[in-house]
Amino acid sequence: MVKQKKTIKSKFSLEGRFVGFIGDFGKQPKRIRVATSDGERNIKLLKKLRGSVVEVLEPGDWVQISGKQKYKRKTGKLKLKAHQFQSMAPVQQKKVSPPQTAAPKPKTKACVMVCQKSSCRKRGGRKVSQSVTEYLRDRGWENQVKLRGTGCMKQCKKGPCVVFMPDKSRYVNVDPKQVPTLMEKHFS
Ligand code: FES
């Protein structure tokens with residue numbers, strides 16, 4: 001009788017929309033979350049990729065990722081490790097979109113950080129990210145203020161947690177409807 005392998009290793013390649021980073025707040029993210037046609041996936045990053053993804057990815061960007069995967073028969077768990085990624089963000093489109101209202105003064109570190117860990121996501125973190133993305137797009141502020149996903153901020157029961165940079169102002173229990181008010185407060 002042929003003995004079946006407990007773990008099946010193979011290569012993978014997928015495309016999807018970048019949802020956010022997963023990792024400790026303040027450190028380089030170890031994993032990213034990507035929404036694919038088969039659902040959302042957590043993908044571990046090779047160490048050498050961790051710095052570069054933070055530089056280029058924003059929630060909503062299309063990404064193409066390839067690497068190696070391990071499937072454990074016993075548990076049915078599939079682990080993905082990215083060896084290469086390519087952002088397919090429409091860079092040119094972003095440059096030509098005209099501002100619809102007066103943009104905030106360029107602040108080099110102006111950004112909104114939304115916790116992407118499961119507890120905050122269950123409490124509405126994803127909708128908060130969407131609301132921030134829509135607000136930035138409607139105002140034509142994409143080049144002035146960045147949206148970034150973060151890891152756990154240790155306020156899990158009070159999620160969704162959001163931090164406004166460079167002020168480092170932290171908010172908990174954020175409702176998506178509050179986003180316009182908070183954005184005006186910090187960036188106008
Ligand atoms: S899950 Fe968001 S703060 Fe812990």
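These questions and answers concern a four-stranded sheet and helix H3 in a predicted model.

Q: What makes E7 and E9 edge strands of the sheet?
A: The strand order is E7-E6-E8-E9, in an open sheet with mixed pairing. Strand E7 (146–150) and strand E9 (169–171) each have a single partner strand, so one side of each lacks a neighbour in the sheet. From one strand to the next, the twist averages 20°.

Q: Why are strand E6 and strand E8 called paired?
A: Pairing requires at least two bridges. Four bridges join E6 (residues 111–115) to E8 (residues 162–165), so the two strands count as paired. They run antiparallel, and Val112 has Phe164 of E8 as its bridge partner.

Q: How do you know what span is expected for helix H3?
A: The expected span is 1.5 Å times one less than the number of residues. H3 has 22 residues, and the expected value is therefore 32 Å. From its first C-alpha to its last, H3 reaches 29 Å, which is close to that value.

Q: Where does H3 bend, and by how much?
A: The bend is at Gly124 and amounts to about 75°. It is the angle between axes fitted to the seven residues ending there and the seven starting there.

Q: What makes a residue of H3 buried, and what do such residues pack against?
A: A residue is buried if 20 or more other C-beta atoms lie within 10 Å of its own. Among those of H3 that qualify are Cys120, Val128, Val132, Tyr135 and Leu136. The buried residues pack against strand E1 (7–22), E6, E7, E8 and helix H4 (179–187). H3 (residues 118–139) itself lies across E6, E7 and E8, at about 160° to E6.

Conventions. Residues are numbered from 1 along each chain as its sequence is written. This is a predicted model: local features need pLDDT of at least 70, side-chain atom pairs count only at pLDDT 80 or more; totals for chains, interfaces and linings use all residues. Axes are lines fitted to C-alpha atoms, for helices over the stretch in contact, and angles run from 0 to 180 degrees between N-to-C directions. Two residues are in contact if their C-beta atoms, placed from the backbone, lie within 7 Å. A residue is buried if 20 or more other C-beta atoms lie within 10 Å of its own, exposed if 12 or fewer, and partly exposed in between; C-beta atoms are placed from the backbone.
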